[in-house]
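Trainee: Could you take me through how surface features and pockets are read from a model?

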Amino acid sequence: MFKTKSLVSEIIRLVILLFSVSLLAFILITSAPIDPLTTYVGTESTLSPEARQEIAQYWGLNDPLPQRFFTWLGHLFQGDMGTSITYKRPVADVIFERFSMSFVLMMVSWALSGIIGFFLGMACGKHENSVFDRIIKTIFLGLKSAPTFWLGLIILTVFGVLLGWFPIGMATPMGKVSSDVTFADRLYHMVLPAFTLTIVSMGDVILYTRQKYVEINRSDYVLYAKTRGETDRQITRRHILRNIALPAITLQFASFSELFGGMALAENVFSYPGIGTATTAAALSADVPLLLGISLISALFVFAGNLIADILYGVFDPRLREGKANA
């Protein structure tokens, strides 16, 4: 359990993180060579200069950059994240709608990559230098350097186009009324993007778990356990599993940031209407309010993942709790 002092410290860290992320994101977005006004009205617009100025004034595009940032920050403290230039809707509504789609996709991929990756890593470590171990290592070392976009295109081409087993995009069947869309339809359309993200995220867990298994299996206390007559199953359960599980859980929670990056690319490949495709659309339109809102939500999500990992470390490792108590 977190003490009051630790909780206050985490809250201060979170506030500093969110402010830094929003400021950096604002500087980068406004420095981009994209004119949001031209994107909004179109390059071939016949609007008069007066009308264009009215639109710019409405969106606050003529204000100095520091004023625009602190105006947005003041509205944020009042619960208003602004209005999206791209979608012409409140940013909070766009993020809630898109993030709800992405959240399911991320959680499925995150859970599968962690569970499958952990047990594959255990199997590789147990059968060190076997044919199985070498094949798995080679595949996932190669996939670690493969771009998510490219891998998604390969998976889409093979399973969506050539074999025709799954739809080539979208989150629901085209031409089907939303009220008629079933859970099975959504699950069917989510298979390929979830599979792509799972494959991309699984490599670190497999390789890390395998290496830790090999190190612990060669340790003195495991050798001593073998001399006492303990079986391989007993050694794995009593000594190896408990020493590998905790670092693997921490690594998995810390992978939220990488999952966000891969998700944006995977969603664009499969035309999945989540937060990733919204980010791309907002970036192409220099949609400052929406990009700032997405940056805050992303930072909050990653911070929550790291915080949960720290809490779990304290729950599962009594030595860490004792160290904090004595500090």
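Trainee: Does Val158 count as buried, partly exposed or exposed?

Mentor: This is a predicted model, in which local features need pLDDT of at least 70 and side-chain atom pairs count only at pLDDT 80 or more, while totals for chains, interfaces and linings use all residues. Residues are numbered from 1 along each chain as its sequence is written, and side-chain values use heavy atoms, with hydrogens and water left out. Buried means under 20% relative accessible area, exposed over 50%, and partly exposed in between (1.4 Å probe, protein chains only). Val158 counts as partly exposed because its relative accessibility is 31%.

Trainee: Which residues make the nonpolar surface patch of about 830 Å²?

Mentor: Such a patch joins nonpolar side chains (Val, Leu, Ile, Met, Phe, Trp, Tyr) within 5 Å, from residues with over 30% relative accessible area and no salt bridge (a side-chain nitrogen of Lys or Arg within 4 Å of a carboxyl oxygen of Asp or Glu). Here the patch is made by Trp150, Ile154, Val158, Val161, Leu162, Leu163, Trp165 and Ile168.

Trainee: Where does Leu163 lie?

Mentor: Helices are DSSP runs (H or I, at least four residues), numbered from the N terminus. Leu163 lies in the loop between α7 (148-162) and α8 (183-217), whereas Val158 is in helix α7 itself. Leu163 is partly exposed, because its relative accessible area is 41%. The C-alpha atoms of Leu163 and Lys88 are separated by 39 Å, the two residues being 75 residues apart along the chain.

Note on methods:
Helices (H or I, at least four residues) and strands (E, at least two) are DSSP runs, numbered from the N terminus. Patches are made of residues with over 30% relative accessible area and no salt bridge: like charges are joined within 9 Å, nonpolar side chains (Val, Leu, Ile, Met, Phe, Trp, Tyr) within 5 Å. Accessible areas come from the Shrake-Rupley method with a 1.4 Å probe; for residues, only the protein chains shown count as cover.
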